[in-house]
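Student: I have a structure open and would like to go through it with you. Could we take it step by step?

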Protein chains: 2
Amino acid sequence: MSVPIFGHVGTARPGDLFESRLELSLHRQHRPRQAGICATQKEGAESIVLSDKYEDDEVHEDYILYTGHGGRDPESGKQVTDQTLTDANLGLARSEATGRPVRVYRKVRTSSNGAAFRYEGLFRVTSHQFTTGKSGFGVFRFRLEPVVVMPSEPLPYGLPDLLDDASSTAQEAAPRYEATTSRLIRDTAVTRQVKTMYKYRCQMCDTQLQSPSGLYAEAAHIKPLGAPHHGPDVLANVLCLCPNHHVLFDLGSFAIGQDLALIGLPGRLHYKPLHQLGAEFLAYQRQHIHLRTASKAVASSNDE
Amino acid sequence: MSVPIFGHVGTARPGDLFESRLELSLHRQHRPRQAGICATQKEGAESIVLSDKYEDDEVHEDYILYTGHGGRDPESGKQVTDQTLTDANLGLARSEATGRPVRVYRKVRTSSNGAAFRYEGLFRVTSHQFTTGKSGFGVFRFRLEPVVVMPSEPLPYGLPDLLDDASSTAQEAAPRYEATTSRLIRDTAVTRQVKTMYKYRCQMCDTQLQSPSGLYAEAAHIKPLGAPHHGPDVLANVLCLCPNHHVLFDLGSFAIGQDLALIGLPGRLHYKPLHQLGAEFLAYQRQHIHLRTASKAVASSNDE
């Protein structure tokens, strides 16, 4: 069993082409020869391959929506059941929590009309969604964004390519790389308004953090901004949270019921009557962001 | 009293030149005609001017070290007492907490050997330091980093330039802009090690956050990485914290005494004997990062 490698492998850099899945595997770029996701539940995903097999994948200029694993008929390749939060899907959810870089490879046509796999570079999982795919069955979709390497930041790196250096003992070495994850904290008129309304107290735990320059809280969008969620930046869609509950909410650890009781955590949402929360946003988060255990995830399409 | 403006003002963009402080003020780029920092304690700093008056300022390619306000003799311009955490200095500390963009203007020589003020663009305050300046007196230094506008991110913007549009009622309008702050979470072999060592429990409050894909904690460098601190990425210099205590620690809300009792918060550091914490790193954080109230800040140079 070899150690997972996060970051670039060997001298491979974005744009490099590999002839086949076998070649990707031999160079330890993407080790499994068939599976599209190379991940463990504990460490998260180290690499994924985008082929044309998942109809819900979307590649955009500045992000990728990548469909999770499972639920397809092995013969026809069609989606025939809901995906569950297990195995590789749990691995991609782990990557969202750790912020570690994921290598992305994509199947492309070559000029000779053959196929090759292009290394697209390092990406981070920045959000997730449990949604109904084109097939009508529930699928996980993960949003991946390219890792921006800042001038002052060391390049995230992985291990040497084993084929480049036969004497390497990389197989036994600890995974070496360095990465910086950033948690996005949005600051808009609306987010300032919700913090003022709650006097910077967390709507989950009532914590009020005091910094030397004043109070500190974060505003969390219930239905997230940006694709694939496209939640609005309005007061009905934001909560005032402490950083702890903000992280847990975004990672899908808990949700808020119609009666404002928390789901997945004890307690209720603290709530001011002037704060007209949007029931549709709370429902969206319950259905699409809140991650239940595997058995519950299957049942989640029946939620409301 | 006009409303503070965060983000670009009018059509001014990085590289634009302004003839004088008066012109900067008339265009609402940097409103005070003398003070180098335009800030309120509540909202933080909206703009600063780098002149040649503070001997401890440093301009680097990818960051600026900006000296806080005060402690200089009005006649000679020399630093004659310690700076205190009051007024504009508290405003810059507030900017670190809110993450809002600060406009930076810099005095430059023109080809005709005159002086002008160049708009350097939007920056964020990313860390602070209370240190002994060249004068031998205590000064605050704030690290400012350029705001990187991502392709998918709306450009942070401010209000129209009043001189561009005389009919504008901008003076009364609420501050409009949108910004995304990112909190950097580092992920290295050392940060993974400390999280494993403490089983993802916060060394301050013993909280263990459970996400659907596993435990969540953050590693905090005691003496921060990067300039001006240059702390090392070693186990002796990291703590395993929950996001709440990580934010408070970085903002200087509390420190850890030699006896591991917390300073500025009740309680003691949870600590495993195998974790050989560096006393020198704890001392650095106490002296240079921990922000006391004004009267205590003056006394801080006598700390150990």
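Tutor: Gladly! One cut-off first: a residue counts as buried under 20% relative accessible area, as exposed over 50%, and as partly exposed in between. Keep in mind that this is a predicted model.

Student: Then let me try it on Lys199(B): is Lys199(B) buried or exposed?

Tutor: Lys199(B) is found in the loop between α3 and β10 (209–211) of chain B. Its phi is positive, about 50 degrees, although Lys199(B) is not a glycine. The relative accessibility is 57%, and the cut-off for this class is over 50%, so Lys199(B) counts as exposed.

Student: And Leu260(B), with its positive phi: is Leu260(B) buried or exposed?

Tutor: Leu260(B) sits in the loop between β14 (255–256) and β15 (262–263) of chain B. Phi is near 70 degrees, again in a residue other than glycine. With a relative accessible area of 16% set against the limit of under 20%, Leu260(B) is buried.

Student: Which residue that follows α4(B) has a positive phi?

Tutor: Start with the helix: α4 of chain B covers residues 243–250, and seven of its eight residues are buried. Among them are Pro243(B), His245(B), His246(B) and Phe249(B). The residue after α4(B) with positive phi, near 85 degrees, is Gly252(B).

Student: Let's turn to strands. What stands opposite Ile37(A) in β3(A)?

Tutor: Strand β2 (residues 37–40) and strand β3 (residues 44–50) of chain A run antiparallel and are joined by four bridges. The two form a hairpin, with three residues between them. Across from Ile37(A), in β3(A), is Ile48(A).

Student: In β12(A), which residue points the same way as Glu218(A)?

Tutor: In a regular strand the side chains alternate between the two faces of the sheet. In β12 (residues 218–221) of chain A, Ala219(A) and His221(A) point one way and Glu218(A) and its partner the other, and all are buried. That partner is Ala220(A).

Student: And which residue of β13(A) stands opposite Glu218(A)?

Tutor: β12(A) pairs with strand β13 (residues 238–241) of chain A in the antiparallel sense, over four bridges. Opposite Glu218(A) in β13(A) you will find Leu241(A).

Student: Where does Pro228(A) lie, and what is omega for its bond from Ala227(A)?

Tutor: Pro228(A) lies in the loop between β12 and β13 of chain A. In chain B, Pro228(B) is likewise found in the loop between β12 (218–221) and β13 (238–241), and a cis peptide bond joins Ala227(B) to Pro228(B), with omega about 0 degrees. The bond from Ala227(A) to Pro228(A) is cis as well, with omega near 0 degrees.

Student: Now the aromatic rings. Why is the pair of Phe140(A) and Phe142(A) described as it is?

Tutor: A pair of aromatic rings is described by the distance of the centres and the angle of the planes. Over all chains the count comes to 10 aromatic pairs. For Phe140(A) and Phe142(A), the centres are 6.3 Å apart and the planes at 20 degrees, so the pair is stacked.

Student: How many residues apart in sequence are the parts tied together by Tyr105(B) and Tyr119(B)?

Tutor: These rings also form a stacked pair, at 4.9 Å centre to centre and 25 degrees between the planes. Tyr105(B) and Tyr119(B) are both buried. Tyr105(B) lies in strand β6 (residues 102–109) and Tyr119(B) in strand β7 (residues 115–132) of chain B, so the parts tied together are apart in sequence by 14 residues.

Student: Which ring does the charged end of Arg100(A) sit over?

Tutor: Chain A has a charge over a ring at Tyr63(A), where Arg143(A) lies over the face at 4.2 Å from the ring centre. The charged end of Arg100(A) is 5.1 Å from the centre of its ring, which belongs to Phe6(A).

Student: Last, the largest cavity: which element gives the largest share of its lining?

Tutor: The largest cavity holds about 70 Å³ of space. Its lining divides into five nonpolar, one polar and five charged residues. At least two lining residues each come from α2 (87–98) of chain A and from α3 (189–197) and β11 (214–216) of chain B. The largest share, three residues, comes from α2(A).

Methods
Residues are numbered from 1 along each chain as its sequence is written. Chains are lettered from A and ligands numbered from 1 in the order in which they are written. This is a predicted model: local features need pLDDT of at least 70, side-chain atom pairs count only at pLDDT 80 or more; totals for chains, interfaces and linings use all residues. Side-chain values use heavy atoms; hydrogens and water are left out. Two strands pair if DSSP finds at least two bridges between them. On a 1 Å grid over the protein atoms alone, a cavity is a set of points where a 1.4 Å probe fits but cannot get out, and a pocket is an open set with protein on both sides within 12 Å along at least five of seven lines; lining residues have an atom within 4 Å of a point. Grid points are joined across faces, edges and corners, and a volume is the space filled by probe spheres set on the points. Ala, Val, Leu, Ile, Met, Phe, Trp, Tyr, Cys and Pro count as nonpolar, Asp, Glu, Lys and Arg as charged, and the others, Gly among them, as polar. Buried means under 20% relative accessible area, exposed over 50%, partly exposed in between (1.4 Å probe, protein chains only). Rings of Phe, Tyr and Trp (its six-membered ring) pair if their centres lie within 6.5 Å; planes under 30 degrees apart count as stacked, over 60 as edge-to-face and the rest as tilted. A charge sits over a ring if NZ of Lys or CZ of Arg is within 6 Å of the ring centre and within 35 degrees of the ring normal.
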